[in-house]
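Notebook open, structure loaded. I'm jotting things down as I look them up, starting with the interface.

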Amino acid sequence: MTAPPDDCLARNEWICGAYLSTRRQILLDAVVQHLQLTFLSVLTGLLVALPLAVLARRRRWAAGPVLAVTTVLYTIPSLAMFSLLLPLYGLSATLVVAGLVLYSLTLLVRNILAGLRAVPEEIRQAALGLGYGPVRLLLAVELPLALPTAMAGLRIATVSAVSLVTVGAIVGFGGLGNLIYAGMNTYFKAQVLTASVLCVLIAVAADLLLLGVQRLITPWTRAARA
Amino acid sequence: MNTLAAAWEWLTDPAHWPGDDGIRHRLLQHLVLTVVCLLLSCLIALPVALVLGHLGRGGALAVNISNVGRAVPTFAVLVLLLLTPVGRWSEGPTVVALVLFAVPPLLTNAYVGMREVDRSVVQAARGMGMTGRQVLFHVELPLSFPLVLNGVRIAAVQLVATATIAALAGGGGLGRIITAGFNLASTPQVVAGALLVAGFALLVEGVFEAVERLAPVWARGGR
């Protein structure tokens, strides 16, 4: 009988290089799933939130109900949200994405709407005077001016989504959350810590990336200050 | 509609209410956890926020802590705490994680509320000979009350949500009904648990709505 190896895995240490090298593929797969779930839900959330916000801006009667419904959705705890959607989507990745989309709606709708409302009336009038139709007014004037506020909402929604994906572990689609869940049941410290740190790193990286994108697509906000 | 009916049947079945795993016990656990952690978080966050707001310092720090808090997954922190010495006390990880995540929104909202108080009003109070303490308690605090209360409300709703996730990491509360439902592959139980949690969260929102309405006029920001 050979003696058990005396490495950090056997000693169950929090920080363990051997864990990183032996489980590289598992970690990589989890990160990819995490990124996919986050990206899909934020993108879908944006596609749903944008028309809702525009509708709430253009039609006064729509603002109240849209804001009320999205706020109520945000109040529902994430685990409960996944559970309530269970009969609709079953144990699938779609369930996690659907839950996260509903979450991001409050943040996105509120911020896009705030951005649209902050566009000065003179600017809208000037564009209308230049002969801009409602579509062109929206695309060429209102949306670009609403970008900084909308991007702030998008950043918060993305960072929140990265951290909420972990709860998807309850249905087996939680990206790095799966590793945390499994690590909890087997008392595997290195796995729990590594996956948790990776989650935070993804959130920070996503936030910085969006900040960079925001600076690139809104050069006038910097020119005005300089 | 079938699932909802089945969930309702599960919920109204008297056999599911008593006992340590029963709905009554889980509801009580959820309530106690939320209230205790809300009080603890307020005790930690509010004095700090009021002093910082009064002095006008540390604002960037308060906001940054709040933003970083969003990036850290609650579930990850719960499990990490569970594997540390805190985990030896049954509700330890839950309470520590809940307080840890409730402090930042409380801190930020109370700080911002304090800073939103009209500076000229503070100057006037000073000019009338009020001491710093008097300005804080008789001018700044009443005027910033609506925003401070809003922070408490955000923290409370977040606590209800976090207490649910705690069940994933072995904590008590209503989330236990959901996780048990998943383990039993019982969709009615999962949905029933979710309805209870969602109802609880909305109830907390409602309570704060009522508190805001009942607050004295000065505490409503003159609205």
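**Interface.** I began with the area buried between chain B and chain A, which comes to about 2,900 Å², with carbon and sulfur atoms giving 84% of that. Buried area here is the accessible area (1.4 Å probe) that two parts lose on being put together, summed over both. Arg70(B), Leu83(B) and Phe182(B) supply 24% of what chain B buries against chain A, more than any other three residues.

Before going further, a note to self: this is a predicted model, where local features need pLDDT of at least 70 and side-chain atom pairs count only at pLDDT 80 or more, while totals for chains, interfaces and linings use all residues. Residues are numbered from 1 along each chain as its sequence is written, chains are lettered from A and ligands numbered from 1 in the order in which they are written, and side-chain values use heavy atoms, with hydrogens and water left out.

Back to the interface: I get 33 residues from chain B and 36 residues from chain A in the contact (heavy atoms within 4.5 Å). How many salt bridges cross between chain B and chain A? The rule (a side-chain nitrogen of Lys or Arg within 4 Å of a carboxyl oxygen of Asp or Glu) finds 0 there. On the chain B side, α9(B) gives the most, with 10 residues. Helices are DSSP runs (H or I, at least four residues), numbered from the N terminus. By class, the side of chain B that touches chain A has 25 nonpolar, 6 polar and 2 charged residues. For the classes, Ala, Val, Leu, Ile, Met, Phe, Trp, Tyr, Cys and Pro count as nonpolar, Asp, Glu, Lys and Arg as charged, and the others, Gly among them, as polar.

**Cores.** Next I pulled up the largest nonpolar core, which has 100 residues; Leu176(A), Leu38(B) and Ile178(B) have the most contacts inside it. Such a core is a set of buried Ala, Val, Leu, Ile, Met, Phe, Trp, Tyr and Cys residues joined through side-chain atoms within 4.5 Å. Buried means under 20% relative accessible area, exposed over 50%, partly exposed in between (1.4 Å probe, protein chains only). I checked Ile178(B): leaving out residues up to four places away in sequence, Ile178(B) touches residues including Leu79(A), Ala80(A), Ser83(A) and Val190(B). Apart from the largest core lies another, of 23 residues, with Ala53(A) and Leu105(A) among them.

**Ser92(A).** I found Ser92(A) in the loop between α4 (78-89) and α5 (93-117) of chain A. Is Ser92(A) buried or exposed? Ser92(A) counts as buried, because its relative accessibility is 17%. A polar atom of its side chain lies 3.1 Å from the backbone oxygen of Tyr89(A).

**Salt bridges.** Over all chains, I count 11 salt bridges. Arg124(A) and Glu121(A) form one, with the closest N and O atoms 3.3 Å apart. They are 3 residues apart in helix α6 (residues 121-129) of chain A, so about one helical turn separates them. Arg124(A) is buried at 15% relative accessibility, while Glu121(A) is partly exposed at 39%.

In chain B, I looked at Glu209(B) and Arg213(B), whose closest N and O atoms are 3.7 Å apart in a salt bridge. Arg213(B) is exposed at 60% relative accessibility. Shared partners join Arg153(B), Glu205(B), Glu209(B), Glu212(B) and Arg213(B) into one salt-bridge network.

Methods. Helix = DSSP H or I, 4+ residues; strand = E, 2+ residues; numbered from the N terminus. Polar contact = N/O pair within 3.5 Å; in protein donor to acceptor, adjacent residues only side chain to side chain.
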